[in-house]
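Got your viewer open and your selection box ready? Let's walk through this structure one stop at a time.

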Amino acid sequence: MCADKVTHKADVVIVGAGIAGALMAHQFALEKKQVLILEAGPDIPVDWNGYMDRFFNARIKVPESPYPPTMLLGGDPRTPVDPATLNAGRPTSLMLTPDSWNDPKKSYLVQTGKKAFSSTYTRVAGGSALHWLGTSLRFLPTDFKMVTCYGGSDSKLPKGFVDWPLKYEDLSQWYGEAENEIGVSADVSEQSYLGVAFPRGYAYPMPGIPKSQVDQELARQLTGMTFEGQPLLIRSTPAARNTQPYQSRRVCAGNTNCIPICPIQAKYDPTVTLNEALATGFVRVLSRTVASEVVVDARGRVTAVKYRQYKEEQGPETARGMVEGKIFIVAANAIETPRLLLMSKNEGRTPNGVANAKKFVGKYLMDHPYYVVWGRMPQPVWPYRGPLITSGIEGMRDGAFRKRSGAFRVDIGNEGWTFPGGDPYQSALDFVTGRNSSRANAAKEVLFGRALVNRLNDVLTHQFRLGFLIEQSPEESNCVTLSDKLDGLQLPRPAVNYDLSEYTLAGLGKAAKMAQEIFRQLGNQTPLEDQVQGTEPTAVTVDVDGRQKKIAFYGAGHIVGTYRMGKSASDSVVRDDMRSWEHENLYLVGSGVFPTVATANPTLTIAALCLRTARKILKERLV
Amino acid sequence: MTNQTRRNVLTAGVIGAVQVIVGPVNAAVTLSAADAKNFEDFLALSAALTGIQAKMLRPDVDAFFDVPREYFVQARDHDPVKFGALLAFFVANRAPDPSEQKTVIQSILNHADKQIAYLARSILLMWYFGQWYSPDQLEKAAADPNFQPLPPVLVSSLGYARGWVWKIAQAHPAGHSELQFGYWNNPPPASTAISGFIIPEVK
């Protein structure tokens, strides 16, 4: 193939039209800078109903189901699409079964570790935040200084932990800007805890989301209860979900479908910002355009990004080219960004990849391992109503125990037993076939008619579930590298090596202990259910109060850490403004820069960091 | 938390591939004279299976009008011979009072012909979900607790939106709320109680 032709030029070139790329593109466009976004997947659909139709037609409603590419040939779960045939493939929940997780013919990620990295993402305009829940928590002040607060001679903090090169105070203003940009609903009075402070007079853009019946009943049942000295408070979760009309978007109507898609876009998603950016006339998106190499000249300056294009998700490559710019931003998520950097060998001038002379790129991959328990409340709580999650228990997000075990937060599910077993389908099937997969049909009865209606009403209206998100420790061995398996464009797919450290397992053990104590409080009629997969890739053994217990963990979708920020080039990939230490016109943005994952869902912090960096670039680089 | 990896939704159905449907979805369904009688029997059988009053299963008004006919066509065309046999058995053995069909339904669900016994179950679940679990999948599921039935196939998107399982839960189908902001803060109103549609007991 002949040398790639320059097809486009812009002031700023951004790889990835997810939340990071969208927010930054919008900021530049508002100042009339020309922005070009390369997006691996298809463009924003003209009409949201395109995604809703895909959702309604999907046979299996995993988070990725409304969004291309196709996961199953003919929609049949027995015939998954081979990731080698997809031009913009991605990991999906369907690739995490015991027989698929480390089979490269079924799994997009080539998993090489002891445990399955269980989080997934989406490569279309809008990115993974299309199917996020909307949770918009700020990090806590101590999250930014784990070593200062919890290091020391008596500490068991793993050596991968570092302090951030930023403090909470540096980001507070930007958190506020991010909350206004995406529209977060919460009340300052309820969110001022564990050191989180707001400027005097600050108010979230919209009032907090009303609590569900599940939240309220749980609060009643847990009144007066403490865990390790902390009262168990049920606290509303700040979320990018409208409680008032906002940005011409409607108020939440409780469709109970936030993941995978809000039918009315009451939940913020990045297509909102992308559309605003496009409306300025200063942003152009090249869709179905996969960045294949970051081009660096002899002086270390980024001069271009090469790309490959396609028209059909399993079709042939249709074009190649490259785009030039002054500033380059890679915003392709914490797996695809290191993948691109590692692929960029520049004919041997960057043999370890771009921005990777110190070989940190891809390392310290983190997630929030997620432990789920469920049961039957003593009183009806009427789940399957309202947003998927409205409240949580936040007391264990911080404390001296972090010297020895991972912190965690708890989310309270409003969707009954959907997550663990696929209710209401599973329970209905149980009573019709005489099974007990849901564990609500211990007597294995076959019911019909009135008896079935009464029984199902009783079963479904009492269901609840809790999820525990654990702070995973940064470990060098948890990493993203290049595999020898290719995608449809003949580019190497990411390989992931993943495991859980003792520190992380200790956090899971403490979470399991809290779960047990909560269920003890709920009474004997409410046995704790948790699913033991029994299979190695997603099962771990944890210590719960001196006893060993095997539990399953899930991924939370929080992919973090693979190009960490730091105070010096010797131990990090980017500076606190997310600029590469090695290439002065290259920025690597998104959750990949987080040195630690803490316990907050990453999106709000991604947004805050991106707005801060965009402002800095405008002030200092693009005048 | 943001992105839940719901592996276990593999066993849950949701709305299935439209392409597999028997006949057009949402097109007006007309039945022959012979089928018209069968349709009435199908409704009576469905009420007895589901526990939902027949007049609620087939309201006279609104766009839902065609859904019961679509369900009839789905069940009939899956296996016309067994469907005919199922209806014939029901008609021959049903009690005069619609509220007292326990005996005949029990016999159907325990029928020696498993295809009839499980076709009845497929029909029941179709009213609950708007989706079709094929009888052989249900039969395998009953025999083997570890068997994961295939996710069901969509019969009617309007049927999904009016699925009875969600009303039994006093809620609404996931992705389809017709309610107002904040409703979830309160218990469901009395109007959603199952007494509104369950077949009443006769004392």
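Start by selecting A:Cys252 and A:Cys258: the closest cysteine sulfur to that of A:Cys252 belongs to A:Cys258, and at 6.5 Å it is too far away for a bond. A disulfide is a covalent bond between the sulfur atoms of two cysteines. In fact, the count of disulfides over all chains is zero. A:Cys252 is buried, at 8% relative accessibility. For another cysteine, jump to A:Cys610, which is buried with a relative accessible area of 0%. Keep in mind along the way that this is a predicted model. The predictor gives the complex an ipTM of 0.93 and a pTM of 0.95.

**Next stop: an arginine with plenty of neighbours**

Keep those two cysteines on screen and add A:Arg241, which touches both A:Cys252 and A:Cys258. Its other contacts include A:Leu133, A:Gly183, A:Met206, A:Lys267 and A:Pro387. You'll find A:Arg241 in the loop between strand E6 (235-236) and helix H7 (271-279) of chain A. Is A:Arg241 buried or exposed? At 3% relative accessibility, A:Arg241 counts as buried. Now try a distance label from A:Arg241 to A:Met565: the C-alpha atoms are 30 Å apart, and the two residues are separated by 324 places in sequence.

**Into the cores**

Which residues have the most contacts inside the largest nonpolar core? Select A:Phe28 and A:Ile329, the answer for this core of 104 residues. Helix H13 (residues 603-620) of chain A gives the most to it, with 10 residues. Centre the view on A:Ile329 and show what it touches: among them are A:Val12, A:Val13, A:Ile14 and A:Val15, along with A:Phe28, A:Tyr587 and A:Ile617.

Then move to a second, separate core of 71 residues. To find this second core, select A:Val372 and A:Tyr384 together with B:Ala47 and B:Leu119, which are included in it.

**Rings and charges**

Time for some aromatics. A pair of aromatic rings is described by the distance of the centres and the angle of the planes. There are 33 aromatic pairs over all chains. Select A:Trp48 and A:Tyr51 for an edge-to-face pair, with 5.9 Å from centre to centre and 75 degrees between the planes. Both partners are buried: A:Trp48 has a relative accessible area of 13%, and A:Tyr51 is at 5%.

For a stacked pair, go to A:Phe360 and A:Tyr364, whose ring centres are 6.5 Å apart and whose planes meet at 25 degrees. These rings belong to buried residues too, with A:Phe360 at 15% relative accessibility and A:Tyr364 at 8%.

Two places in chain A show a charge over a ring. Select A:Lys61 with A:Phe55: the charged end of the lysine sits over the ring, 4.5 Å from its centre. Then select A:Arg138 with A:Tyr202, where the charged end of the arginine sits over the tyrosine ring, 5.4 Å from its centre.

**Backbone oddities**

Most residues other than glycine have a negative phi, and most peptide bonds are trans. Here are some exceptions to click on:

- A:Pro68 to A:Pro69: this peptide bond is cis, with omega near 0 degrees. A:Pro69 is in the loop between helix H2 (49-57) and strand E3 (110-111) of chain A.
- A:Asp423 and A:Pro424: a cis peptide bond joins them, with omega about 5 degrees. A:Pro424 lies in the loop between helix H9 (418-421) and helix H10 (425-433) of chain A.
- A:Asn346: phi is positive, about 50 degrees. The residue is in the loop between helix H8 (333-343) and strand E11 (370-376) of chain A, and it is buried at 3% relative accessibility.
- A:Ala355: phi is positive, near 65 degrees. The place of A:Ala355 is in the loop between H8 and E11 of chain A, and the residue is buried at 4%.

**Last stop: chain B**

Now colour chain B by secondary structure to see nine helices and two strands. Of its 203 residues, 54% are buried. Select B:Phe39, B:Phe42, B:Tyr71, B:Phe72, B:Phe83 and B:Trp127 to see a cluster linked by ring pairs.

Finally, switch to colouring by pLDDT. Chain B has a mean of 85, and 84% of its residues reach 70 or more. Among its elements, helix H6 (residues 114-129) has the highest mean, 98, and helix H8 (residues 157-161) the lowest, 87. Residues 1-26 of chain B fall below 50, and this stretch has 124 contacts in the model beyond near neighbours in sequence.

Conventions
Residues are numbered from 1 along each chain as its sequence is written. Chains are lettered from A and ligands numbered from 1 in the order in which they are written. This is a predicted model: local features need pLDDT of at least 70, side-chain atom pairs count only at pLDDT 80 or more; totals for chains, interfaces and linings use all residues. Side-chain values use heavy atoms; hydrogens and water are left out. A nonpolar core is a set of buried Ala, Val, Leu, Ile, Met, Phe, Trp, Tyr and Cys residues joined through side-chain atoms within 4.5 Å. Buried means under 20% relative accessible area, exposed over 50%, partly exposed in between (1.4 Å probe, protein chains only). Helices (H or I, at least four residues) and strands (E, at least two) are DSSP runs, numbered from the N terminus. Contact means heavy atoms within 4.5 Å. Rings of Phe, Tyr and Trp (its six-membered ring) pair if their centres lie within 6.5 Å; planes under 30 degrees apart count as stacked, over 60 as edge-to-face and the rest as tilted. A charge sits over a ring if NZ of Lys or CZ of Arg is within 6 Å of the ring centre and within 35 degrees of the ring normal. pLDDT is the predictor's confidence in each residue, from 0 to 100. A disulfide is a pair of cysteine sulfur atoms within 2.5 Å.
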